[in-house]
2 protein chains.
Amino acid sequence: MNATIKDIAKRARVSYATVSRALNNKYGVRPETRARIREIARKMSYSPNGIARGLVKRQTRTIGLIIPDITNPFFPEVARGIEDGAQERGYSVFLCNTNWEDARERQYLELLAEKRVDGLVVAPISNVVDAVRGRQYGSIPVVYVSNAPQGTARSFVVIDNVRGAYLATRHLIDSGYRRIGFIGAVEGSLSIDERMEGYKVALRERGLAVSERYIKLGHFRQETGAAVIRGMIEEGDYPEAVFAENDLLALGVIQGVQGMGLAVPRDVAVVGFDDIPFAGFQEVQLTTVCQPKYHMGKTAVGLLLDEIGSGRPRSGAARQVVLEPELIVRKTSLPG
Amino acid sequence: MNATIKDIAKRARVSYATVSRALNNKYGVRPETRARIREIARKMSYSPNGIARGLVKRQTRTIGLIIPDITNPFFPEVARGIEDGAQERGYSVFLCNTNWEDARERQYLELLAEKRVDGLVVAPISNVVDAVRGRQYGSIPVVYVSNAPQGTARSFVVIDNVRGAYLATRHLIDSGYRRIGFIGAVEGSLSIDERMEGYKVALRERGLAVSERYIKLGHFRQETGAAVIRGMIEEGDYPEAVFAENDLLALGVIQGVQGMGLAVPRDVAVVGFDDIPFAGFQEVQLTTVCQPKYHMGKTAVGLLLDEIGSGRPRSGAARQVVLEPELIVRKTSLPG
DNA sequence: GAGCTTTTTGCAAACGTTTGCTACGCTGCG
DNA sequence: CGCAGCGTAGCAAACGTTTGCAAAAAGCTC
């Protein structure tokens, strides 16, 4: 139904090899011939078959993007950066939501392998991607974004989580708070250890005790933050300030605090992590550590396409970039 | 480098046709043979080449998703619904951000055609998709989501915009407001006409005059809302309430009002459209008309895959679903 | 105008599948 | 024992390109 190169060849009375060369601006076809062929192609509204091309060239100009959930406000900007970067260089991107499930991550890996994507950028939730290395996905370039499996040999672009957490916690301490809690997601995040680490480092550095009572883990949802703080308040023993592993949790904490009739930051101060779009909203003014989401996505895809382009064997070529976090002080952490 | 069907055939001492049939559970291969072949395939960690398959079967099990901007909080949920629906039926989806630009929309159309996607779901910004029908994209199934070109013959799933706007405006009137403004995006939205229509209908129905002074168009950005309302306030002539074409604009209006030292809803009430995730946030409590984003995405992709599956010629088979909007009354529209 | 170079074109193989058709070997029946 | 019928398996074409190589045509030089 769609016109093919052969149809054009017939009309133009040349071999289809010539048509191919003409259309691809390859060296070796007379300008007039080229023009004539192009014109015919246009008239027949020819659309090159990327599938056939992909088969012979063994590349699809396509990459896969595997993230937990595009609906989580952290990811759209990352995705956008990736898509923009890919698009600029002629690549298309498959969007894959794992919904924080290992099984789905694995499944997508397989699917994308069958689709013969040229590369993958992954915001991993665990080590599965790395684990399947050496099998069929072993040969396809992967770069991690947002966080990376510990000790991976692949490229990645992440933020310095322990430093970010350190900055956040130190800020709280320096603002005069002493009993500082940590609320995190027990699952769905490779970064929790690092962020808790930074939190503890800051505490110790300032000579404060790390109290397990104020360290709570839940799920990676906004409700977690609310539930956890509410629980503490009801028990009558709650921190003056909390550092939440991410902004969604932090927002939850704020809701929880207010739901109990207390106020932020008067009764409990809070700082988050990520700087999702609404953190800066007038009514919220959440102090948080910023991740340059768009930028991270864009540079990640840049690394990936470089690896793809160079055809360089992945090993040894890995570029692991860790960005410096920036603390954005807004209102939820300012003492009365 | 990747094992092919022929490699397996060699190892199994059968023809590669047999391997194909064995792996695809096709009729006509002895169970033991099938098992043996499968085992060998597994050992060689064979991954079927979807490109080659796509070439012969003339379908890629792939669809394109064209939206303006995944970063706009309206779209992630739609996208998620689409991806979920696609994934359930074995399809992958290309994410394409047009950035509200016609040219990019057109460009993606072409690209996706070359990639031979089996179908497209598009949140259109104008009529270009429909316009290019009849050319190469004419034959590929398209369903619109969120809004659709007027008079299109294709399938779509949208919300009843005029009714939604009517509901919103009427609610404002019934709450006692009289001077009600409309703020919209002049570009980047097919739905603006409909929403303004609903707004006017409500006004007239209640015997209120439509004052052009209170109807302002800007860009599709949050800042627009703020700037517009600020301008009116500075001029000393501003509405008691405003209906914003979407939540982002509405949020902007709120910021603008507060930035001028006034309060919402005391000095100016506001209602939005879309019910983006943060509209319901404690600190915001934006009254708005809800679009069931996830659901819209999921049903849109359902329609698309039905069309694809049936191989039915698109014409005549179009299913155009328009959803009933629901007004969610929160705090930004409640008089003192 | 012969020989040589350079440009333009065509041939055909390859990419990795799916699938219609044919061929082979059995089984069972008459 | 001959043959129909069936269950398995193989052959080869097709899908629509790209590209190395060879052939043809054209342009130069002397």
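**Entry 1: DNA strand D**

I began at Tyr46(A). A polar side-chain atom of Tyr46(A) sits 2.9 Å from a phosphate oxygen of DNA strand D. I note here that the model is predicted.

I then turned to Lys26(A). An N or O atom of the Lys26(A) side chain is 2.5 Å from a phosphate oxygen of DNA strand D.

Next I looked for a contact with a base. A polar backbone atom of Ala52(A) is 3.4 Å from a base nitrogen of DNA strand D.

How many residues surround DNA strand D? I found 30. The closest are Ser20(A) and Lys26(A) from chain A, with Ser15(B), Arg21(B) and Arg58(B) from chain B. Of the strand D atoms that come within 4 Å of the protein, 67% belong to sugar and phosphate.

I listed the elements behind this surface. Chain A gives at least two residues from each of helix 1 (5-12), helix 2 (16-23) and helix 4. Chain B does so from helix 2 (16-23) and helix 4 (50-57). By class I read 13 nonpolar, 8 polar and 9 charged residues near DNA strand D.

**Entry 2: DNA strand C**

I moved on to DNA strand C and took the phosphates again. The side chain of Arg58(A) places an N or O atom 2.7 Å from a phosphate oxygen of DNA strand C. At Arg30(A) I found a polar backbone atom 2.9 Å from a phosphate oxygen of DNA strand C.

Which residue has a polar backbone atom 3.5 Å from a base nitrogen of DNA strand C? I found Ala52(B). The elements that supply two or more residues near DNA strand C are helix 2 and helix 4 of chain A, plus helix 1 (5-12), helix 2 and helix 4 of chain B.

I counted 31 residues around DNA strand C. The closest are Ser15(A), Arg58(A), Ile5(B), Ser20(B) and Lys26(B). Sugar and phosphate make up 65% of the strand C atoms that come within 4 Å of the protein. The classes near DNA strand C are 14 nonpolar, 8 polar and 9 charged.

**Entry 3: chain A against chain B**

I left the DNA and looked at the protein interface. Here 51 residues of chain A are in contact with 51 residues of chain B. About 5,000 Å² is buried between chain A and chain B, and carbon and sulfur atoms give 53% of that area.

I checked the charged pairs. There are 4 salt bridges between chain A and chain B. One of them joins the side chains of Arg80(B) and Asp69(A), at 2.8 Å from N to O. I also have 26 residue pairs in polar contact across this interface.

What does chain A bring to the side that touches chain B? Helix 4 (50-57), helix 5 (75-88), strand 2 (92-97), helix 6 (102-114) and helix 11 (247-259) each supply at least two residues. That side of chain A splits into 20 nonpolar, 20 polar and 11 charged residues.

**Entry 4: symmetry**

Last, I superposed the copies. A turn of 180° with a shift of 0.1 Å along the axis lays chain A on chain B with an RMSD of 0.1 Å. The two copies are therefore related as by a two-fold rotation axis.

Which residue of chain A comes closest to the rotation axis? I found Phe94(A), with its C-alpha at 2.2 Å. Both copies use the same surface, and 100% of the contact residues of chain A recur in chain B.

Terms used. Residues are numbered from 1 along each chain as its sequence is written. Chains are lettered from A and ligands numbered from 1 in the order in which they are written. This is a predicted model: local features need pLDDT of at least 70, side-chain atom pairs count only at pLDDT 80 or more; totals for chains, interfaces and linings use all residues. Side-chain values use heavy atoms; hydrogens and water are left out. Contact means heavy atoms within 4.5 Å. Buried area is the accessible area (1.4 Å probe) that two parts lose on being put together, summed over both. A polar contact is a pair of N or O atoms within 3.5 Å; within protein, one must be able to donate a hydrogen and the other to accept it, and residues adjacent in sequence count only if both atoms are side-chain atoms. Helices (H or I, at least four residues) and strands (E, at least two) are DSSP runs, numbered from the N terminus. Ala, Val, Leu, Ile, Met, Phe, Trp, Tyr, Cys and Pro count as nonpolar, Asp, Glu, Lys and Arg as charged, and the others, Gly among them, as polar. Copies are superposed by least squares on the C-alpha atoms of residues with pLDDT of at least 70 in both. A residue is near a molecule or strand if one of its heavy atoms lies within 4 Å of it.
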